[in-house]
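Here are a few short exercises to work through with the model open in your viewer. Try each task before you read its solution.

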Amino acid sequence: MELSRRYDPTEVEEKLCRFWAEGGFFHADVDPAQEKRFSMVIPPPNITSAMHIGNALQYTLHDVIVRYKRMDGYVTCWFPGMDHAGIATQNVVERELAKKGITRHDLGREEFVKRVWEWKERYGGHIQEQMRALGTSPDWRRERFTLDEGLSRAVREVFVRLYGENKIYRGERMINWCPRCQTALSDIEVMHYEEPGNLYTIRYPLTEPGEAVEIATTRPETMLGDTGIAVNPNDPVHARLIGKTAILPLLGRELPIVASEEIDPLFGTGILKVTPGHDPVDFEIGRKHHLPSINILNSDGSLNENAASYAGLTVSEARKRIVKALQAAGLLVKVKPYPHSVGHCQRCDTPVEPLVSKQWFVRMKELAAPAIAAVDSDKVQFIPKRWENVYFEWMENIKDWCISRQLWWGHQIPVWYCQSCEETIVSREDPTCCPRCESKKLAQDSDVLDTWFSSALFPFSVMGWPEKTPELEYFYPTSLLITGFDIIFFWVARMIMMGIHFVGKVPFRQVYITPLVEDEHGIKMSSSRGNTIDPLEVKKIYGMDALRFTLAQSSSKGRGMRLEVRDIEASRNFLNKIWNMARFVLLNLDDERPQLPESVNELEDRFLLSRLAETIQLVRNNIESYNFNLASEELYSFIWHDFCDWYLELAKVRLMSREDYAVKAVLYHVLRTVVKLLHPFVPFISEEIWHVLGEKPASVSITSFPKATARDEDAEAEMSVFKELVNAARMIRSELNVPQKASIEVLIRTDSAKVMDLVNQKTQALRALVSARAVRISDDLVPPAGAARKVLSVAEVFIPLKGLIDVDTERARLSKELTQMLARLKKVERNLTNETFLKRAPEAVITKERAKRDEFSSRLNRLRENLAAIEP
């Protein structure tokens, strides 16, 4: 069996996905006798999701670790799953219904939820198929959905326990309301953007004749809900107003003026209109001073009956009419442009409205304390460590979590209200009657839980909690979590809190935070910007291994990582190099599988095995420390440079001249080892080569990951000298325009006995690698006139040029290039010493100029050396 002439991912990938699935290679079973265990949970993707480049990065890094650990002898379980994604999924299905002119209210709750389940079975989970296409290796038998019966039981258990501990309560609080999704949102589900706006200064008359106050606001329409005015008691200008009464313009409502130290005397006019129904600060002031809270908004964001003649208008329409009315009444003092921060729904980007609503909340302070201590004591480690600061900042200032959502799709809150005696019933099971009055007239709370509530339980609910399952005993806590920094608050922190509280242990020992994927300009990739790379398009053109290797190679522990299509093209070229390397080895092995002898003698054999040992150790170290880029760079360097550029070329010399068992044994051993090293990064091409090699076990994914042996530093040092000699001859040929087909003579002068011995042993190889007809070496060698010269650390290399080039013409060419390069260098140096340029030019331009300076300096030095080499 042999490899085809070219690697075609489309022929390999689907075939191998089926092979892995049918072989059950990724199954992980509880094995108490095996102490080496490794487990992870996937950040469960939404059922509405399609794989984007950020997903592809995370899943690739997950899979590199999982495949590595599996090969390294660990019982390795990667738990997959999907999230029901309450708001996102309901929005998708509602849009589908809208195309038919139907709303969810036309169907009713039961029928609508049934339709969502049908949609989920038909369309949900595409991302799981895309994960399989990427070559990921979870234990797919263990796939769970956050609305599964088992996970739903866990959700109810947690809710009931927290309620019994007085950590869940229902109350009227200021919440974020999305008029589009028509549901409450937690604070971290609101994204704040600065938008252009206006600051409106409005005159509020006082009840005392002739007196008035001026108040500045960015939202004049909310004045319809004003129930008071506040000033800072320490404000020397306005403190005198405390206790007086103002009149609300347009509506005539009396507004008491109260004291509040929260007021900034320097903002606006230093006086605040208090709207307890639509501002969190105002809500607290209202509670303190017993001011009524008036809601002026309907659930769709339009104004309600409390807005009097403005009822039914949208917020923007009402704003325009109110400003016009204030102007007509002579109460609008001034309007000036004022950019300000506006909260938007994370799901649909609609501006949110703060309003007072009765919702369910979790008290978070008590839950947060042990979770803070867990990270502080390194029971949970963030990688990179700097993300701990972000975690601590949020956790130490945590607010109660609004967990109720006004949706139909999700975990319906397990609370029932007796219609006869108003008893509130919180239960794990659906009650049949009221425990207080035995009435059967019960109504379940219509709200559902925030999607993140069930996601917070995922590390233990996926293992069967609240049952004490063997999986929970064996695989919990998990070893590692890989996720993005954008959900440290949404998910990571809440998992730590819930894991500690309900299982008594942290849910994972380490959290690796992936970087943000950026384009070549350092701008975040997103479909809205049109600068993203579609993983599925990459699959069609380059194959998934090319994408995986690029993502691993480009990842870093920084905040961002840059990605370009040309990087993926480079990875595709690397895969082609691997394929051609494997073809060469297989063609020379025929059906032989020669075993490595106990000792090898040839320099290049010793060198390659030594470099392989070092590469194995470096790849292991870097994977274990999550330096995926460094691990992949080590593989690239070893395969492309050490193995292909050097060893294969030297092997060809030996294979052409004689039957050489040792070189075949080294080729086979290194190819087999390289396939194993590559497998976590590029599973498709490595598995295909493994199959063609006819190796056991059936899949490289379950063979042992290589272990490093001792290095041969003497061989590496000798090979370094040999490379230096070869490169010197090649450089003279290249930079002095010696024709490639011309046969040269290489003269080496050295007083080192080791170098002489090395050259004498490797003369045939040296001649082959530089296309030389002869190689001569001595300590008193006198080169002929007109010979080019390179001075090395241990020798001088000469190449006679007579008959190869016109030395005078070449000298003139080099002199001209040197003059031009000197002029270009001086121009760049003028820029970099110009204070005005350095102050005004963007940092990217300055960086580019510095790179030019370094490049021009290097080229100038080479030109001078080359000129010196052919001086008469």
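**Exercise 1: Strands around β25**

In this predicted model, strand β24 (residues 478–484) pairs with β25 in the parallel sense, over 6 bridges. Your task: find which residue of β25 is the bridge partner of T478, and work out what β24 and β25 make together with helix α15.

Solution, step by step:

- Start at T478, whose bridge partner in β25 is F508.
- Next, bring in helix α15 (residues 488–503): β24, α15 and β25 make a right-handed β-α-β unit.
- Now look at another partner of β25: strand β17 (residues 381–383) is joined to β25 by 3 bridges, and these two strands run parallel. I383 stands opposite Y512 in β25.
- Finally, check how covered the strand is: of the 7 residues of β25 (residues 508–514), 6 are buried.

**Exercise 2: Counting disulfides**

Your task: determine how many disulfides the model has, and explain the outcome for C17 and C178.

Solution, step by step:

- Take the cut-off: a disulfide needs a pair of cysteine sulfur atoms within 2.5 Å. By this rule the count is 0.
- For C17, the nearest cysteine sulfur belongs to C77 and is 19 Å away, so the 2.5 Å cut-off leaves C17 in no disulfide. C17 is partly exposed, at a relative accessible area of 22%.
- For C178, the nearest cysteine sulfur is that of C348, at 3.5 Å; because the cut-off is 2.5 Å, C178 is in no disulfide either. C178 is buried, with 0% relative accessibility.

**Exercise 3: The surroundings of T227**

Your task: locate T227, decide whether it is buried or exposed, and list what it touches.

Solution, step by step:

- Place the residue: T227 sits in the loop between β9 (212–217) and β10 (228–231).
- Apply the cut-off: buried means under 20% relative accessible area, so T227, at 4%, counts as buried.
- Look for its polar side-chain atom: one lies 2.9 Å from the backbone oxygen of P292.
- Collect the contacts, setting aside neighbours within four places in sequence: T227 touches L255, P256, V274, P276, L291, P292 and I294.

**Exercise 4: A residue in α20**

Your task: describe the exposure of L630 and find how far its C-alpha atom is from that of S554.

Solution, step by step:

- L630 belongs to helix α20 (residues 628–657).
- With a relative accessibility of 40%, L630 is partly exposed.
- L630 and S554 are 76 residues apart along the chain, and their C-alpha atoms are separated by 9.4 Å.

Note on methods. Residues numbered from 1 in each chain as written. Predicted model: local features only at pLDDT ≥ 70, side-chain atom pairs only at ≥ 80, totals over all residues. Heavy atoms only, no water. Buried < 20%, exposed > 50% of the residue type's maximum accessible area, 1.4 Å probe, protein only. Helix = DSSP H or I, 4+ residues; strand = E, 2+ residues; numbered from the N terminus. Polar contact = N/O pair within 3.5 Å; in protein donor to acceptor, adjacent residues only side chain to side chain. Contact = heavy atoms within 4.5 Å. Pairing = 2+ DSSP bridges. Right-handed = clockwise from strand over helix to strand, strands pointing away.
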